[in-house]
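User: Hey, could you walk me through this structure? I'm new to this, so plain words please.

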Amino acid sequence: MEKKIPYKIYLKEEEIPSQWYNVRADMKNKPAPLLNPGTLQPMTQDELSHVFCEELCRQELDNDTRWFDIPQEIRDFYKMYRPSPLVRAYFLEKALGTPAKIYYKFEGNNTSGSHKLNSAIAQAYYAKKQGLKGVTTETGAGQWGTALSMACAYFGLDCKVFMVKCSYEQKPFRREVMRTYGASVTPSPSMSTAVGRKLLEEFPETTGSLGCAISEAVESAVSTPGYRYVLGSVLNQVLLHQTVIGLETKAALDKYGIKPDIIIGCAGGGSNLGGLVSPFVGEMLRGEAAYRIIAVEPASCPSFTRGRFAYDFADTGMICPLAKMYTLGSQFIPSASHAGGLRFHGMSTILSQLYADGLMEARAVEQRSVFEAAELFARVEGTLPAPESSHAIRAAIDEALKCKETGEEKTIVFGLTGTGYFDLYAYQQFNDGTMGDVIPSDGQIAASLEKLPKVEE
């Protein structure tokens, strides 16, 4: 007889992970190293320390240490909102009429509204420990900027946020939450940096991009004494911190003897997807289990499905280190879609290598179909999902409907990375029937990829 699974599976406070898991330690093919844009040689810890905090540089470059201890001060902060629940989507299963069993890890149960706080508090902690005055960053949809402003307020750090212009205009309430926590918020591109002024001169009507905002934040950090730059996705250190998601998910599943068949996450830069799937991928790498891992990205910014696996700049201004990743080119500026957190031209080097090695699959979905899935989920499960998270919901529904056709009782787990209560402008457009889909042409992507830096590998 099947053990009755509660609607929400909670771990105990003492079961919050005490260590982060570094999947690179189990990867046979390690992610390619970051390269110095001037010398094209692998970046050293000393070189990175001019941009990032010292301890974060060490985490960024460490390919061999499997477990990193989580400092007690960070674990104490985690207790405000962790462990987060693993939810059995009984009502969604019923609405779909599927034999599939669907679970989602809900990361929106904190004031920032998303998973981003898991890494924000860690990065703020190391900045404070180093004796810095403040940090700079970029934000797309605003979740990362909100999370970092909270973390900086907690540790008494100054926080300067460059927010992608289209999100700055579409999401004024997210912006005001950041300001309430003490952060300064600047629409990007801006006139306050050389990179921003150059972009505005070339493209005066641009809606901005994460790559542009990154360039501005880095320029601001390196030109201001006592500041360092922090990033909310893409980097190895960020995926490391986010493994609290996957470790809790696995512990909750193990508590009831549940083994997932399919694990799904939305993919922008890779923070939530990497955090969710890393412990499961580790089992695959060690030959202990097999799973289908599905990355879901927007059709408007399809780095996995239409990009190239190559060295590229992480930023539009081409001042950051080069990373080998699936990329659409650092000069690619996606359309102003509502999934602002997924509007990045590249992808985590870890996830890029796993995808190249066939350990993950990817699909691109269009905006209107994503909001159709979000609407159904909101109506039956009661939580209004963020547009980014709704990409994972779309794929989970599609996989569950396939099970309905075949009669297979597969177990599906996806990441619900945050709530959509600051995304009501997007929902308004969807409800009014004015939402469109803008998909880049092959020519647009090819033109951007032609500008990739020439790197001999």
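Analyst: Sure, here is a short chat about helices, cores and salt bridges. This is a predicted model, where local features need pLDDT of at least 70, side-chain atom pairs count only at pLDDT 80 or more, and totals for chains, interfaces and linings use all residues. Residues are numbered from 1 along each chain as its sequence is written, and side-chain values use heavy atoms, with hydrogens and water left out.

User: Cool. How many residues of α6 are buried?

Analyst: 11 of the 13 residues in α6 are buried, among them W144, M150 and F155. Buried means under 20% relative accessible area, exposed is over 50%, and partly exposed is in between (1.4 Å probe, protein chains only). Helices (H or I, at least four residues) and strands (E, at least two) are DSSP runs, numbered from the N terminus.

User: And what do those buried residues pack against?

Analyst: They pack against α3, α5, β6, β7, α8 and α16. Contact here means heavy atoms within 4.5 Å.

User: What comes just after α6?

Analyst: G156, which takes a positive phi of about 70°.

User: Switching topic: is S112 buried or exposed?

Analyst: S112 counts as buried because its relative accessibility is 0%. S112 sits in the loop between β5 and α5. Leaving aside residues up to four places away in sequence, S112 touches L117, T146, A147, M150 and R174.

User: Which residues touch the most other members of the largest nonpolar core?

Analyst: W20, Y78, F304 and M360, out of 72 residues in that core. The largest share of this core comes from α5, with 8 residues. A nonpolar core is a set of buried Ala, Val, Leu, Ile, Met, Phe, Trp, Tyr and Cys residues joined through side-chain atoms within 4.5 Å. There is also a second, separate core of 33 residues, including F106 and F371.

User: How many salt bridges does the structure hold?

Analyst: It holds 26 salt bridges, each being a side-chain nitrogen of Lys or Arg within 4 Å of a carboxyl oxygen of Asp or Glu. One of them pairs E248 with R82, with the closest N and O atoms 2.9 Å apart. E248 is in helix α11 and R82 is in the loop between α3 and β4, so the pair ties together parts 166 residues apart in sequence.

User: Are those two buried or exposed?

Analyst: Both E248 and R82 are buried.

User: Where are D398 and R394?

Analyst: D398 and R394 are in helix α16, 4 residues apart, which means about one helical turn separates them. They form a salt bridge too, with the closest N and O atoms 3.0 Å apart.
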